[in-house]
Amino acid sequence: MTQMNQNDAYVLVLDFGGTKLATAVARIADGELFGYQKVATPASMGAEACLSLILSTAESSLEKSSVPSDMIRGAGISFGGPVSADGSKVVLSMHVRGWENYPLPALVSEHFHLPVRMGNDGNVAALGEWFYGSKAIPDHFMYIQISTGIGGGFILNRKPYTGQGLGAEVGHVKVRFEDAAAYPCACGSYGCIEAVSSGWALARDAKRLFETGSKENIFYRTVKETGECSARTLVVAARDGDPEALSIVRSAFSSFALSLSDVITLLDMEEIAIGGGVAVNSWDLLEPILKEKIPNFLQTNLRGRTKIRLSQLKGTETLLGAAKLLDI
Ligand SMILES: [Zn+2]
């Protein structure tokens with residue numbers, strides 16, 4: 001562990017998602033995390049059980065971090081679902097019953113006697129990647145995460161941007177029109193980029209390919225050998241030269257390039273960072289497709305202006321963004 005200095009400032013950080021809860025104490029100056037804890041979310045047990053797990057896991061992070069309580073300036077919460085525009089309430093949770101209009105920050109504040117801020121996970125991760133993952137902090141920035149779903153957020157003029165509170169839903173930009181019905185999305189709409197390029201969408205395509213594709217190809221043999229038919233299997237087979245798997249992955253990533261081109265056209269960001277398990281595990285395939293496709297989708301004077309890079313924070317962007325919520 002790095003030495004602590006009495007001038008350092010720290011923030012208790014909490015990342016509550018549909019399947020896991022992570023907590024830690026973050027040092028604001030350099031984003032180092034202390035006392036990291038990760039537990040499964042007891043979503044089916046409802047709001048009160050989740051609150052008591054949040055409080056006890058955070059207490060355990062505080063204890064394990066050995067950071068003195070007078071050096072902790074507040075707490076930041078990343079919430080995996082929509083939150084009110086002022087960050088004071090959970091709007092609803094897709095995973096936990098009883099959290100409609102739930103004043104989570106006030107309850108955490110009351111327990112720890114600290115000021116508390118809360119944001120939606122995509123927007124919070126954008127804040128973390130912007131501040132702690134960029135070499136030179138850009139004024140206009142976008143973070144997009146391709147994991148099971150697709151989420152992300154914007155920093156515009158060095159501030160998070162969410163419109164009236166529910167904006168920056170980058171996973172639900174439309175990329176399919178005439179055949180949109182073949183791509184139903186978890187959001188209730190059709191043809192979204194999440195329904196085409198996310199981990200769950202690629203897993204769906206992998207299953208379709210296994211059922212209908214050639215029984216002679218690398219993908220089919222890989223599934224038979226490993227017993228796994230997933231986004232990962234599809235990407236591995238594409239990398240190994242399976243033509244059908246490569247065609248699906250190229251199409252999904254080309255659609256992703258299209259969605260990025262549209263936000264570049266609208267917002268002219270300086271930098272876009274891409275994170276999440278699917279992006280990290282397939283960057284060698286994704287990056288060349290983005291470099292090939294994006295310039296073709298942009299008007300000439302926008303080409304080459306936006307730096308596109310892989311996330312640098314190895315999955316800690318959400319916790320670090322929660323630390324930065326106290327300081328924006
Ligand atoms: Zn959608």
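Start with the whole chain: of its 328 residues, 53% count as buried (buried means under 20% relative accessible area, exposed over 50%, and partly exposed in between, with a 1.4 Å probe and protein chains only). What you have open is a predicted model, in which local features need pLDDT of at least 70 and side-chain atom pairs count only at pLDDT 80 or more, while totals for chains, interfaces and linings use all residues. Residues are numbered from 1 along each chain as its sequence is written, and side-chain values use heavy atoms, with hydrogens and water left out.

**The whole chain**

Switch to a cartoon view and you'll find 11 helices and 10 strands (helices, H or I with at least four residues, and strands, E with at least two, are DSSP runs numbered from the N terminus). Along its principal axes, the C-alpha trace spans about 60 × 45 × 40 Å. The chain's radius of gyration is 21 Å, which agrees with the value near 20 Å for a compact globule of 328 residues (it is taken over C-alpha atoms, and the globule rule is 2.2 Å times the number of residues to the power 0.38).

Now put a surface on. The chain exposes about 15100 Å², and carbon and sulfur atoms supply 52% of that (accessible areas come from the Shrake-Rupley method with a 1.4 Å probe; for residues, only the protein chains shown count as cover). As for contacts with a separation of 6 or more, 62% are between residues 24 or more positions apart (contact means heavy atoms within 4.5 Å).

**Stop one: the zinc ion**

Select the zinc ion. Which residues hold it? The ion is coordinated by H172 through ND1 and by C185, C187 and C192 through SG, at 2.0 to 2.3 Å (donors are N, O and S atoms within 2.8 Å of the metal, or 3.2 Å for Na, K and Ca; water is not among the atoms, so sites may look incomplete). In sequence, these donor residues follow the spacing H-x12-C-x1-C-x4-C.

The angles among the four donor atoms are 105 to 119 degrees, and the site is tetrahedral (four donors count as tetrahedral if all angles lie between 85 and 135 degrees; four count as square planar and six as octahedral if opposite donors are over 155 degrees apart and all others between 65 and 115; anything else is irregular). For reference, the ideal angle for four tetrahedral donors is 109.5 degrees.

Colour two of the donors by accessibility. C192 is buried at 0%, whereas C187 is partly exposed at 41%.

**Stop two: helix α2**

Next, select residues 104-112, helix α2, and show the side chains of its buried residues: L104, P105, V108 and F112. Look down the axis and these residues fall within an arc of 95 degrees, so they line one face of the helix (the arc is that of the directions from the helix axis to the C-beta atoms). Their packing partners are β1 (10-16), α1 (47-65), β4 (72-79) and β5 (116-120). Step past the end of α2 and you reach H113, with a positive phi near 55 degrees.

**Stop three: two more positive phi angles**

Most residues other than glycine have a negative phi. Click on N157, which is not a glycine but has a positive phi of about 50 degrees. N157 sits in the loop between β7 (150-156) and β8 (159-161), and is exposed at 58% relative accessibility.

Then jump to D268, another non-glycine residue with a positive phi of about 50 degrees. Look for D268 in the loop between α8 (243-267) and β9 (271-275), where it is partly exposed at 30%.

**Stop four: T41 and K215**

T41 is in the loop between β3 (33-40) and α1. Is T41 buried or exposed? T41 is buried, with a relative accessible area of 12%. Leaving out residues up to four places away in sequence, T41 touches F16, G17, G18, T19, K20, L21 and C50.

For another loop, select K215, between α5 (199-212) and α6 (218-226). K215 is partly exposed at 42%, and touches F210 and Y220, again not counting residues up to four places away.

**Last stop: E129**

Finish at E129 in helix α3 (residues 121-133), which is buried at 0% relative accessibility. Setting aside neighbours within four places in sequence, its contacts include F141, Y143, A273, R309 and E317. Add G321 to your selection: E129 and G321 are 192 residues apart in sequence, but 7.2 Å apart in space, C-alpha to C-alpha.
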